Amino acid sequence: MEPLAENRFVITKELYYEGALRVDRERMGPFTKKAMLSLAAAWAVLAAVTLFSRGSVVFVLIELVVISLVGVWLSVFFPRSRARRGWRALEGRCGTDLERVTRFYEDRLEIDGAGAEVTIPYEEVGQFLSSEHLLILLSTDKKGVLLARDGFVTGSADLARELIEQYRAAPDDADEDEEKERSV
């Protein structure tokens, strides 16, 4: 069977970081926002208590600096550290063979790279993300598929997205029809 679309590219360190940071922002973003709000609330309470008890304003500023540093670590340094560890693990598994070929068929996509082939049915694709140079497909079992925006040798990103959405929508429509039949 001929693929309907094909994406080829070589994963570079920069592209991997771009994809990993985008996925991390999607997964950890809500937690990071809540943590930052909690830190801000904690600082406000500490500042109020310090000022109410006639403590030094210097303590309030020191608390602000410490909480700000924790916030910067949580939102900047921690995600980059995770991306670095992921890149090292990828290099350890694949060595220098970082070319990826992703083929889109009627009902699935196949990823060929580093001497292994992985098949993901469209129904397992849970989320589409995008960044400056990448399209990222996240499967329900937490696998991420990187696609270069300019890496389509046949088909296009729009065609690939249509295939996935069309296939994923079909089972839901059948479930709705069954629901209607049951309710009649």
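This passage describes the two largest pockets of a predicted model. Residues are numbered from 1 along each chain as its sequence is written, and side-chain values use heavy atoms, with hydrogens and water left out. Because the model is predicted, local features need pLDDT of at least 70 and side-chain atom pairs count only at pLDDT 80 or more, while totals for chains, interfaces and linings use all residues.

Pockets were sought on a 1 Å grid over the protein atoms alone; a pocket is an open set of points where a 1.4 Å probe fits, with protein on both sides within 12 Å along at least five of seven lines, and lining residues have an atom within 4 Å of a point. Grid points are joined across faces, edges and corners, and a volume is the space filled by probe spheres set on the points.

The largest pocket has a volume of about 910 Å³. Its lining comprises 30 residues, and Y16, L90, R93, G144 and V145 lie nearest the centre. By class, 19 of the lining residues are nonpolar (Ala, Val, Leu, Ile, Met, Phe, Trp, Tyr, Cys and Pro), seven are charged (Asp, Glu, Lys and Arg) and four are polar (the others, Gly among them). Helix 2 (57–94) is among the elements that supply at least two residues each, and helix 2 gives the most, with eight. Helices (H or I, at least four residues) are DSSP runs, numbered from the N terminus.

The second largest pocket has a volume of about 230 Å³. Of its 13 lining residues, D24, R25, G29, S75 and P79 are the closest to the centre. Here helix 1 gives the most, with eight residues. The lining has six nonpolar, three polar and four charged residues.
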